[in-house]
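User: I have a model open and would like to talk through how it is put together. Could we begin with one side-chain arrangement and work outwards from there?

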Amino acid sequence: SYFETCSCELMCPCNLSFDHGATYDYCRATLVFDVREGEIEGTDVRGRKLAVIVDSPKVMTEGNWRLGVFIDEDATDEQMEKLTGVFGGQMGGPMEGWAPLVG
């Protein structure tokens with residue numbers, strides 16, 4: 001399950017394109033995930049919950065994002081390492097597109 005919210009007014013323009021400017025001079029987004037099942041390179045990550053916090057300039061494609069990943073306290077060190085790799089964009093998948101934008 002996934003939930004997202006951001007600092008823009010009514011609707012996040014970034015959902016259409018990262019080239020659209022945010023409502024303000026920055027974008028602060030929070031993405032929360034509840035992993036029901038799955039594994040990453042053989043590590044079971046089922047039941048883990050995490051939040052990804054993004055702080056970016058008005059136009060996200062300008063890069064220089066700050067990114068934070070918070071993982072629930074019940075995660076093992078191995079689960080934390082794998083989940084941070086995926087949600088930080090270093091291990092491929094949808095988040096890989098973010099990696100070059102993080103400052």
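Analyst: Certainly. R28 lies over the face of Y26, at 4.1 Å from the ring centre. Please bear in mind that this is a predicted model.

User: And how many aromatic pairs does a search of the whole structure find?

Analyst: The search finds three aromatic pairs. In one of them, F33 and F87 have ring centres 4.6 Å apart and planes at 55°, so this pair is tilted.

User: Which parts of the chain does the pair of F33 and F87 tie together?

Analyst: F33 belongs to strand β2 (residues 26-34) and F87 to helix α1 (residues 77-87), so the pair links parts that are 54 residues apart in sequence.

User: Are F33 and F87 buried or exposed?

Analyst: F33 is buried, with a relative accessible area of 13%. F87 is buried as well, at 10%. Y2, F33 and F87 together form one aromatic cluster.

User: What about W65 and W98, how are their rings placed?

Analyst: The ring centres of W65 and W98 are 5.8 Å apart and the planes stand at 55°, so that pair is tilted. W65 is in the loop between β5 (49-57) and β6 (66-71), while W98 is in the segment after α1, so the pair ties together parts 33 residues apart in sequence. Both tryptophans, W65 and W98, are buried.

User: Switching to the core. Which residues have the most contacts inside the largest nonpolar core?

Analyst: They are L50, V52 and V54, in a core of 23 residues. At least two residues of this core come from each of β2, β5 and α1. The largest share, four residues, is supplied by β2. As a general point, nonpolar side chains in soluble globular proteins tend to be buried together.

User: What is V54 in contact with, leaving aside its neighbours within four places in sequence?

Analyst: With those neighbours left aside, V54 is in contact with C27, R28, A29, L31, M60, W65, R66, L67 and W98. That list includes R28, the residue that lies over the face of Y26. It also includes W65 and W98, both of which are buried.

User: Now the helix. Which residues of α1 are buried?

Analyst: The buried residues of α1 are Q79, K82, L83, G85 and F87. They pack against β2, β3 (39-40), β4 (43-44), β5 and β6.

User: There is a lysine in that list. Why does K82 count as buried?

Analyst: K82 has a relative accessibility of 13%, and buried means under 20%, so K82 counts as buried. Leaving aside neighbours within four places in sequence, K82 is in contact with I40, E41, T43 and M91.

User: E41 is one of those contacts. Where is E41 found, and what is its phi?

Analyst: E41 is found in the loop between β3 and β4. Its phi is near 50°, a positive value in a residue other than glycine. In general, most residues other than glycine have a negative phi. E41 counts as exposed, at 62% relative accessibility.

User: And N64, what phi does that residue have?

Analyst: N64 has a positive phi of about 65° although it is not a glycine. N64 lies in the loop between β5 and β6, and it is exposed, with a relative accessible area of 62%. A glycine can be added here: just after α1, G89 takes a positive phi of about 90°.

User: Let us finish with the whole chain. What pattern does it follow along the sequence?

Analyst: The chain has one helix and six strands, and its pattern along the sequence is β-β-β-β-β-β-α. Its radius of gyration is 14 Å, close to the 13 Å that the globule rule gives for 103 residues, so the chain is as compact as a globular protein of that length. The C-alpha atoms fill a box of roughly 40 × 25 × 20 Å, taken along the principal axes.

User: What share of the residues counts as buried, and how much area does the chain expose?

Analyst: Of the 103 residues, 36% count as buried. The chain exposes about 6,400 Å², of which carbon and sulfur atoms supply 52%. Among contacts between residues at least 6 apart in sequence, 48% join residues at least 24 apart.

Definitions and conventions:
Residues numbered from 1 in each chain as written. Predicted model: local features only at pLDDT ≥ 70, side-chain atom pairs only at ≥ 80, totals over all residues. Heavy atoms only, no water. Phe/Tyr/Trp six-rings, centres within 6.5 Å; stacked < 30°, edge-to-face > 60°. Buried < 20%, exposed > 50% of the residue type's maximum accessible area, 1.4 Å probe, protein only. Lys NZ or Arg CZ within 6 Å of the ring centre and 35° of its normal. Core = buried A, V, L, I, M, F, W, Y, C linked by side-chain atoms within 4.5 Å. Contact = heavy atoms within 4.5 Å. Rg over C-alpha atoms; globule rule 2.2 N^0.38 Å. Areas by Shrake-Rupley, 256 points an atom, 1.4 Å probe, with all protein chains shown as cover.
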